[in-house]
Amino acid sequence: MSEQTQSQRRVVVVGAGMAGVQTAVALREQGFTGGVTVIGAEPHQPYDRPPLSKAVLLGKAEDSAFEVDFESLGIDLRLGREVLGVRPADHELDTAEGPVPYDVLVLATGAEPIRLPGAEGVPGVHLLRTLDDAERLRPVLARQHDIVVVGAGWIGAEFATAAREAGCAVTVVEAADRPLAGALPAEVAAPMASWYADAGAVLRTHARVARVEPGAVLLDDGSRLPADAVVVGIGARPATAWLAGSGIALGPHGDVVADDRLRTSAPDVYAVGDCASFPSGRYGERLLVHHWDNALQGPRTVAANILGEAVGGATAVYDPVPYFWSEQFGRFVQYAGHHAFADTTLWRGEPTGPSWTVCWLRENRLVALLAVGRPRDLAQGRRLIEAGTPMDPALLTDPARPLKAATA
């Protein structure tokens, strides 16, 4: 493709979060000279989400806007715009302001929080996903209210951490028998339950919410918990309802079904970040990863493939080692890989201590690890997962030995 032809192509990105913004930036960094438009539903300058449950929530930062000079990069930013649908055959998006034509479309709409049934419209019930959510919650924390958190997942733990730091009385209710039940095996998540009490928060497991009323949460066992505010953190689902009728294939969780180059079932349409699943050659299954690192890494592959396909060149396969981190109750928790098909679980250190690591292996090769206060284990382990290096289990369980020195 000639330079002139490339400069006439229009890439439109739907979604102005990490995945959408990084796709636009990566296109410019990789030399794309055509038009780049980013459409975002929120009116705010595009921002990073992890600080919302930490610095922004506690008033230590006003916002978490990306430090990107969109104007100098020639990126057309259209904020506060609702996208209603897409017609792939016409290469057009439908928006509230009218149709937007594209040559290449990138879906990066992220995920939306699952709402607690029956709690809609009840005063004092909050979600924590957007900047507006964090700004509504900031004065709640400042008033040191009694707070009930529904869900002991990653976001519930992070919010509870911030609320305790602000001096609030915090009760976390979880329907499962342990925190992080959907993310980690029982023997790994169980030691984390004590973190709540250590921080002065109350964790109630096997606790199902019957209903929420102003000032209280009622559980199905008849308990009534006083609650000046209720924060719901029971998961998220891909924000893809707007794709209904488009013909773009969706998976069982509403995820856009992308291939290993992050292409969708529609021509010239890619999907990246929280809204998309992709097949992992490394793990032999389709992954739906709702974490920041996926929204940072995937856009580079999308940009490379938009440029590569335009000139009939090579395309890039997306097969990352998933990674995320969480700061909760004074601990830095990191996870890399995918443990679902492991055949061995090994511990480095005692889970009752301040720092420890869990390693998952398959046929003596590391496939995932969870590190609590052991960032060196995480950094070395991530590289060992990527390389598929055989490990020596006997050496691996010695927490004093570096992971890289525990190879077979």
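Helices here are DSSP runs of H or I that span at least four residues, and they are numbered from the N terminus. Keep that in mind as we go, and also that this is a predicted model.

Let's use that numbering straight away. Helix H7 covers residues 292-310, and no element gives more to the lining of the largest cavity: H7 supplies three residues. That cavity has a volume of about 50 Å³. Around it you'll find Phe278, Val289, Asp293, Asn294, Gln297, Tyr318, Pro320, Val321, Pro322 and Tyr323. Sort that lining by class and you get seven nonpolar residues, two polar ones and one charged.

How many cavities of 30 Å³ or more turn up in a search of the whole structure? There are two. The second largest has a volume of about 30 Å³, and its lining is made of Leu262, Ala271, Val272, Gly273, Ala276, Phe278, Asn294 and Tyr318. Here the split is six nonpolar and two polar, with no charged residues at all. If some of those names ring a bell, they should: Phe278, Asn294 and Tyr318 line the second largest cavity, and Phe278, Asn294 and Tyr318 are also among the residues lining the largest one.

Tyr323, one of the residues around the largest cavity, takes us on to a sheet, since strand E22 runs over 323-328 and sits at one edge. In general, strands of a sheet pair through backbone hydrogen bonds, and they can do so in a parallel or an antiparallel way. This sheet is an open one with five strands, antiparallel in its pairing, and its order reads E22-E23-E26-E25-E24. At the other edge is strand E24 (344-348); E22 and E24 each pair on one side only. On average, neighbouring strands are turned by 15° against each other, direction ignored.

Zoom in on one pair within the sheet. Strands E25 (residues 356-362) and E26 (residues 365-372) run antiparallel and are joined by seven bridges. If you want a spot to look for in that pairing, find Cys359, which stands opposite Leu369 in E26.

Two helices go with this sheet. Helix H4 (residues 154-165) packs on it and touches E22 and strand E23 (331-337), with its direction at about 30° to that of E22. Helix H8 (residues 375-387) lies across E22, E23, E24, E25 and E26, and runs at about 160° to E26.

H4 is worth following a little further, as it leads to a pocket. The second largest pocket holds about 210 Å³ of space. Of its 15 lining residues, Lys54, Thr161, Glu165, Glu327 and Gln328 are the closest to the centre. Three elements, H4, E22 and E23, give two or more residues to this lining, and H4 gives the most, with four. The mix by class is five nonpolar, four polar and six charged.

Last stop: Val202, in strand E12 (residues 202-204). Is it buried or exposed? Neither, quite: Val202 counts as partly exposed because its relative accessible area is 42%, which falls between the 20% limit for buried and the 50% limit for exposed. Leaving aside neighbours within four places in sequence, Val202 is in contact with Val170, Thr171 and Val172. Ala169 is 33 residues away from Val202 along the chain, yet their C-alpha atoms are separated by 8.6 Å.

Key
Residues are numbered from 1 along each chain as its sequence is written. This is a predicted model: local features need pLDDT of at least 70, side-chain atom pairs count only at pLDDT 80 or more; totals for chains, interfaces and linings use all residues. Side-chain values use heavy atoms; hydrogens and water are left out. Two strands pair if DSSP finds at least two bridges between them. Axes are lines fitted to C-alpha atoms, for helices over the stretch in contact, and angles run from 0 to 180 degrees between N-to-C directions. Contact means heavy atoms within 4.5 Å. On a 1 Å grid over the protein atoms alone, a cavity is a set of points where a 1.4 Å probe fits but cannot get out, and a pocket is an open set with protein on both sides within 12 Å along at least five of seven lines; lining residues have an atom within 4 Å of a point. Grid points are joined across faces, edges and corners, and a volume is the space filled by probe spheres set on the points. Ala, Val, Leu, Ile, Met, Phe, Trp, Tyr, Cys and Pro count as nonpolar, Asp, Glu, Lys and Arg as charged, and the others, Gly among them, as polar. Buried means under 20% relative accessible area, exposed over 50%, partly exposed in between (1.4 Å probe, protein chains only).
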